[in-house]
Structures are given as structure tokens and as C-alpha cells.
Amino acid sequence: MKKLLLIEGDGIGPEVVGQTKKIIDFFTKNTDKKFETESALLGGIAYDQTGTPFPQETLKLATQADATLLGAVGGPKWESLEYKYRPERGLLGIRKELSLFANLRPAKVFNSLAESSTLKPEIVKGLDIMIVRELTGDLYFGEPRYVKTLQDGSRQGVNTMTYNSKEVERIAKVSFDLARVRNKKLCSVDKANVIETTEMWREVVTEIGSKDYPDVMLSHMYVDNASMQLVRNPKQFDVIVTGNMFGDILSDTASMLTGSLGMLPSASLGEKQKDGKQFALYEPVHGSAPDIAGKNIANPLATILSFSMMLRYSFGYIHEADMLDLAVENVLELGMRTSDIVGINQKPISCSQMGDCVLEQLIKLSNK
Ligand code: NAD
């Protein structure tokens with residue numbers, strides 16, 4: 001029995017997590033993969049009910065769980081709050097407290113949705129790449145960081161790009177391991193020609209590769225070229241690993257190749273402990289979509305696919321993850337679309353209908 005923490009959060013969070021709960025319950029009732037779920041508050045709703053966007057109780061439950069699934073947090077209601085009370089502080093807080101350093105962002109194009117991309121279908125059809133972004137270092141956390149007024153009256157802003165070799169090593173290992181179970185190709189992205197920190201990054205990744213992963217083909221690319229190649233010929237990549245800032249930008253570019261925010265899952269993983277436990281948070285890439293919240297029209301597939309990532313990466317339930325991915329693919333092949341991915345002459349279905357369609361396909365696949 002695996003212990004899951006479900007955090008619905010704000011906006012469409014409860015709707016998309018609700019549909020995913022149907023899938024979780026399906027596995028528990030019908031397979032030998034069993035899940036026990038608990039709920040916790042995070043974000044705006046947590047602030048409303050407890051006075052903080054990241055209650056201690058949520059942290060406690062997250063550390064006790066085998067994995068956590070999050071909907072989304074945030075919304076206009078909380079935008080004018082003092083910084084420390086904003087919903088996003090809850091999200092950053094849980095990532096930090098669980099030391100989630102590896103952010104996995106797959107960009108997969110389901111063939112029946114290839115037309116939704118802004119790129120030509122032949123460029124993106126069959127695309128299946130994985131971007132691994134380091135999440136706890138780099139310019140976002142490096143010290144010193146400040147903006148100060150100088151003696152001449154002008155202002156100076158300083159942020160620090162910093163990594164130590166241990167941080168690079170652990171993200172490199174996660175990425176090599178992923179490449180090993182995919183197509184055995186890893187591209188490390190840096191700016192080693194002008195930034196010393198990333199020159200060290202390149203050296204460390206190369207060393208790990210030649211020592212421990214001779215079976216994985218390692219290449220290196222400068223970030224400016226990588227951003228170009230991602231839109232020119234994205235299918236050349238399998239796994240890409242990069243630092244926090246470059247990853248922030250490249251993962252958004254890659255996700256847009258797929259055409260819709262409502263289809264994009266993600267995982268954030270912590271370090272493996274000695275007892276084998278590894279904290280992990282799974283969440284859709286999209287936000288709380290306040291403009292459509294409560295209307296039962298959100299696309300739940302990104303959250304359902306995030307649960308599939310949980311099956312695969314936290315529990316090694318590869319067969320079940322493949323089955324769930326196939327159920328989603330079949331639903332799309334059948335022409336089922338929520339309004340964000342609907343094509344001309346197609347009639348959109350609701351969020352809950354989409355959840356039911358995936359469930360129906362799962363039942364069919366598991367009876368085969
Ligand atoms: P958003 O992702 O919430 O929405 C952007 C657009 O995409 C909206 O038009 C929305 O309706 C649509 N959309 C998003 N998810 C969808 C889905 N599943 N199905 C159909 N359409 C979908 O981004 P935003 O509008 O910039 O932010 C809204 C709030 O969410 C803000 O408070 C922001 O801070 C927060 N946010 C949270 C997270 C998170 O929890 N991880 C991530 C991004 C933004």
C-alpha cells in the first residue's frame with residue numbers, strides 16, 4: 001500500500017485532482033497496486049483556512065507520504081497579499097523543504113494533437129523528449145543577491161550564478177539514469193564558452209558520463225544553440241539536462257512544442273535517502289487557471305499524466321504507467337477533447353467527462 005498525499009490547491013486544482021483521484025481509486029480497487037490517500041492544504045485556500053499558505057501539517061504529511069500530487073495554487077484573490085502570505089510561497093516552500101532538486105518536464109506530442117502545435121506537424125509528430133532542470137541552485141538562490149544604490153546615484157543589481165560539483169553530479173546522475181531507460185542519449189546544456197560555472201558543469205557531467213554511464217551517448221550544447229535546435233529539430237533530443245535558469249526557459253519552450261498547457265505533466269524529485277525513500281512532488285505545469293475555475297471545463301490530462309509519472313518514477317510501476325499513458329492516447333485518438341485542445345468541428349467535453357473517458361479506456365485495457 002503506497003501512501004499518497006493529494007493537494008488540490010486553488011482554482012481548477014480541485015477539479016483536475018478530482019479526476020485523477022478516480023484513476024488512483026481504479027488501480028486500488030482493480031489491481032495489485034494499492035494506494036491510500038490523504039489530503040492537505042497549500043496555497044490560497046491554506047492561507048484562508050489557516051493563515052499561512054504552507055501549513056506545518058502539510059509539510060508533515062508530505063514527508064510521511066511516498067509521493068505527493070498537487071493541482072495548482074494561486075489566483076487574483078491573493079495577489080495583493082504581503083509576499084510571505086502569497087500562494088506561490090507555499091509552492092516554493094514545499095519544494096524547498098523536500099529538497100526537490102530535479103525537475104522532470106517531458107514534452108510529448110500525442111499524434112492526434114500534432115496539429116495543435118504552432119510548429120509544422122512533421123516537426124513535432126512523435127516528439128518525446130525529457131528536460132531535466134536543476135531546481136535548487138543557480139542564479140535563483142545564489143548569494144550575494146541585491147539591488148543597491150551606488151555613490152553616483154545609479155543602482156546596481158547583483159545575482160550570483162553558483163553550483164558546486166556535488167550539485168552537478170546528482171542532477172547528472174538523475175539525467176543519465178533517465179536516458180538509460182529511454183533512448184540512451186543525453187544532451188547537457190551550458191554556456192561553457194563564457195560562464196566559468198557552466199564550464200565546471202560540463203567537466204563534471206563529462207566525468208560522470210565516462211566513469212559510470214559509458215552506454216549513454218553524451219553530447220554538450222550551448223544554451224543559445226539549444227533554444228534554436230528545440231524549435232528547428234526537436235526530435236534530435238532524448239534527455240536534456242541543464243541548470244535552473246536555462247532549464248526554466250528551455251522547458252517552457254519545449255512544452256509549447258506540444259500545443260497545450262493542459263497536457264503537460266511534471267515531476268520534482270529529491271535525493272534518494274539511505275533507506276531508499278525519495279521525496280517527490282508531481283504536478284501539472286499549468287497554474288490554477290482562475291478564468292475557468294469552477295466551470296468543469298479544465299483539461300485534467302496534465303494531472304492524470306503527472307500521476308502516470310508518479311507510477312513510473314516513484315514506484316517503478318512501468319506496466320501501469322504505460323497503460324495509463326495508452327488510455328490517454330486512446331481517448332485522444334477517439335476525438336475526445338476539452339475546450340483548450342478542441343479542433344474545428346469538434347465538440348468539447350467537460351473536465352469530468354474527460355476523467356470518465358480515461359477511466360473507461362483503462363478498464364478496457366486492463367481487461368485485455
Ligand atoms: P495558468 O496556467 O493558470 O493559465 C494560463 C491559461 O491557460 C489560462 O487561459 C487558463 O485558462 C489556461 N489553462 C491552464 N491550465 C488549463 C487546463 N488544465 N485546462 C484548460 N485550460 C488551461 O497561468 P496564469 O493565468 O499565468 O496563472 C494563474 C494563477 O496560477 C496565478 O496565480 C499564478 O501565480 C498561478 N500559477 C501556479 C502554478 C502552480 O501552481 N504550479 C504555475 C503557474 C501559475
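**Note on the sheet, its helices and the ligand site**

1. Helix H4, which spans residues 87-97, lies across S1, S3 and strand S12 (280-284), and its direction is at about 150° to S12. The model under discussion is predicted, and the points below should be read with that in mind.

2. A second helix, H3 (residues 56-64), lies across strand S1 (2-9), S2 and strand S3 (67-72), where it runs at about 145° to S1.

3. The strands named above belong to an open sheet of 10 strands with mixed pairing, in the order S2-S1-S3-S12-S11-S4-S5-S10-S8-S9. Because strand S2 (35-40) and strand S9 (217-222) stand at the edges and each has a single partner strand, one side of each is left without a neighbour in the sheet. From one strand to the next, the twist averages 20°.

4. Within this sheet, strand S4 (residues 102-108) pairs with strand S5 (residues 128-134) in the antiparallel sense, over seven bridges; alanine 107 has isoleucine 129 in S5 as its bridge partner.

5. Turning to the ligand, 20 residues surround it, the closest being Glu88, Gly287, Ala289, Asp291 and Asn299. By class, this shell comprises nine nonpolar, seven polar and four charged residues.

6. As for individual atom pairs, a polar side-chain atom of glutamate 283 lies 3.4 Å from a nitrogen atom of the ligand, and an N or O atom in the side chain of histidine 286 is 3.2 Å from a ligand nitrogen atom. Serine 288 contributes through its backbone, with an N or O atom 3.1 Å from an oxygen atom of the ligand. Of the 810 Å² of accessible area that the ligand has on its own, the protein covers 69%.

How values were computed
Residues are numbered from 1 along each chain as its sequence is written. This is a predicted model: local features need pLDDT of at least 70, side-chain atom pairs count only at pLDDT 80 or more; totals for chains, interfaces and linings use all residues. Side-chain values use heavy atoms; hydrogens and water are left out. A residue is near a molecule or strand if one of its heavy atoms lies within 4 Å of it. A polar contact is a pair of N or O atoms within 3.5 Å; within protein, one must be able to donate a hydrogen and the other to accept it, and residues adjacent in sequence count only if both atoms are side-chain atoms. Accessible areas come from the Shrake-Rupley method with a 1.4 Å probe; for residues, only the protein chains shown count as cover. Ala, Val, Leu, Ile, Met, Phe, Trp, Tyr, Cys and Pro count as nonpolar, Asp, Glu, Lys and Arg as charged, and the others, Gly among them, as polar. Two strands pair if DSSP finds at least two bridges between them. Helices (H or I, at least four residues) and strands (E, at least two) are DSSP runs, numbered from the N terminus. Axes are lines fitted to C-alpha atoms, for helices over the stretch in contact, and angles run from 0 to 180 degrees between N-to-C directions. Contact means heavy atoms within 4.5 Å.
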